[in-house]
Amino acid sequence: MTDSPSPQTPPADTAEPKPEPQGSKTRQLLGMKGAATGETSIWKIRLQLMKPITWIPLIWGVVCGAASSGGYTWTPEDILKAAACMLMSGPLMAGYTQTLNDFYDRDLDAINEPYRPIPSGAISVPQVVTQILVLLGAGIGLSYLLDLWAGHEFPVVTVLCVGGAFVSYIYSAPPLKLKKNGWLGNYALGASYIALPWWAGHALFGELTPTIVILTLFYSLAGLGIAVVNDFKSVEGDRKLGLNSLPVMFGVGTAAWICVLMIDIFQAGVAVYLLTIQQNLYATILLLLVIPQITFQDMYFLRNPLENDVKYQASAQPFLVLGMLVVGLALGHAA
């Protein structure tokens with residue numbers, strides 16, 4: 001009598017394909033780690049290239065800038081202005097940045113994230129280039145309309161938009177490719193996600209002053225720490241392609257400590273500045289918002305940054321972005 005396979009254990013050649021993790025389709029559309037593969041809709045693929053999950057900090061930065069200006073009012077016109085600025089900063093310019101980055105990172109993504117649209121062959125290079133140009137043109141065009149709408153004699157929003165586009169280009173593209181250096185690249189990323197949209201929102205409803213520029217650039221050093229969190233998912237590919245991310249330069253453990261110290265120290269530094277301008281309540285709230293971030297750093301990130309990077313970001317970053325709004329409100333109140 002010959003043995004036969006158990007009904008509960010099908011032979012290897014007839015076993016059903018392993019199901020994709022729950023939520024992988026959603027992660028795919030948002031441009032997150034752990035995405036599904038096999039998408040065929042060109043519009044969903046284009047959306048994945050634009051990484052909608054990355055739009056949120058830019059949109060929030062506009063909110064913080066509007067708050068810090070002291071000139072925003074809850075009128076239909078100001079609401080529409082703010083919404084247009086969010087569209088420019090998030091879907092258009094962040095979408096441009098992410099698509100451009102994927103274009104220049106296609107070799108790296110083939111190692112770290114082969115499910116991404118370009119290395120997987122889901123979209124052609126000419127289609128990607130067209131998307132980059134359309135998003136860039138739409139973003140700059142909308143920024144100029146915002147300047148006209150705000151009555152600016154000098155097109156400050158347009159200049160910020162063009163400047164942000166240039167920073168995005170040198171971040172991703174050779175020969176400079178700032179992301180090859182963990183310090184320069186991550187600071188460029190942090191400033192693009194905190195300072196640039198903040199300046200745009202502030203300039204739309206008030207006067208952009210040197211104080212706001214310097215303070216938000218200082219705040220962006222905390223953003224540098226946040227940017228480093230994203231480097232842990234690509235350590236292997238960075239090493240192979242010679243990208244000097246902080247985890248590659250210092251090792252995973254040391255880079256994790258650098259990351260959390262940057263996040264915490266520079267938020268605390270902004271709180272100290274708020275104390276100097278007599279915004280004591282806002283400074284206290286900001287410091288209280290740092291405490292849960294430290295807690296989640298200890299619970300998740302410092303213990304295993306390679307496995308817990310996404311869990312840490314989901315847990316701690318809401319407190320960081322809420323702190324940004326607290327700072328914006330404090331500056332608006334002081335103005």
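These legends go with close-up views of a predicted model.

**View 1. The largest pocket, with about 1,300 Å³ of space inside.**
Here we're looking at a pocket lined by 48 residues. Ile53, Thr54, Asn230, Lys233 and Gln313 sit nearest its centre. Several helices chip in two or more lining residues: α3 (55–69), α4 (76–104), α5 (106–112), α8 (182–193), α10 (210–229) and α15 (305–334). The largest share comes from α15, which gives nine residues. Sorted by class, the lining is a mix of 20 nonpolar, 17 polar and eleven charged residues.

**View 2. The second largest pocket, with a volume of about 260 Å³.**
This one has 16 lining residues, and Val63, Ala66, Ala67, Tyr72 and Trp74 are the closest to its centre. Helices α3, α4 and α15 each put at least two residues into the lining. As for chemistry, twelve of the lining residues are nonpolar and four are polar, with no charged ones.

**View 3. Helix α4, which bends by about 30° at Met93.**
With 29 residues, α4 covers 41 Å from its first C-alpha to its last, close to the 42 Å expected at 1.5 Å a residue. Most of the helix is covered, with 21 of its 29 residues buried.

**View 4. A buried salt bridge between Arg116 and Asp102.**
The side chains of Arg116 and Asp102 come together at 2.6 Å, N to O. Arg116 belongs to the loop between α5 and α6 (125–150) while Asp102 belongs to helix α4, so the pair ties together parts 14 residues apart in sequence. Arg116 counts as buried because its relative accessibility is 0%, and Asp102 counts as buried at 2%. Zoom out a little and Lys51 joins in: Lys51, Asp102 and Arg116 are linked in a network of salt bridges.

**View 5. A salt bridge within helix α11, between Glu236 and Lys240.**
Both partners lie in α11 (residues 235–241), four residues apart, or about one turn of the helix. Their side chains meet at 3.2 Å, N to O. Glu236 is partly exposed, at 48% relative accessible area, whereas Lys240 is exposed, at 56%.

**View 6. Asp298 and Arg303, another of the six salt bridges in the structure.**
The closest N and O atoms of this pair are 3.5 Å apart. Asp298 is partly exposed, with a relative accessible area of 41%. Arg303 has a relative accessible area of 62%, so it counts as exposed.

Methods. Residues are numbered from 1 along each chain as its sequence is written. This is a predicted model: local features need pLDDT of at least 70, side-chain atom pairs count only at pLDDT 80 or more; totals for chains, interfaces and linings use all residues. Side-chain values use heavy atoms; hydrogens and water are left out. On a 1 Å grid over the protein atoms alone, a cavity is a set of points where a 1.4 Å probe fits but cannot get out, and a pocket is an open set with protein on both sides within 12 Å along at least five of seven lines; lining residues have an atom within 4 Å of a point. Grid points are joined across faces, edges and corners, and a volume is the space filled by probe spheres set on the points. Ala, Val, Leu, Ile, Met, Phe, Trp, Tyr, Cys and Pro count as nonpolar, Asp, Glu, Lys and Arg as charged, and the others, Gly among them, as polar. The expected span of a helix is 1.5 Å times one less than its number of residues. The bend at a residue is the angle between axes fitted to the seven residues ending there and the seven starting there. Buried means under 20% relative accessible area, exposed over 50%, partly exposed in between (1.4 Å probe, protein chains only). A salt bridge is a side-chain nitrogen of Lys or Arg within 4 Å of a carboxyl oxygen of Asp or Glu.
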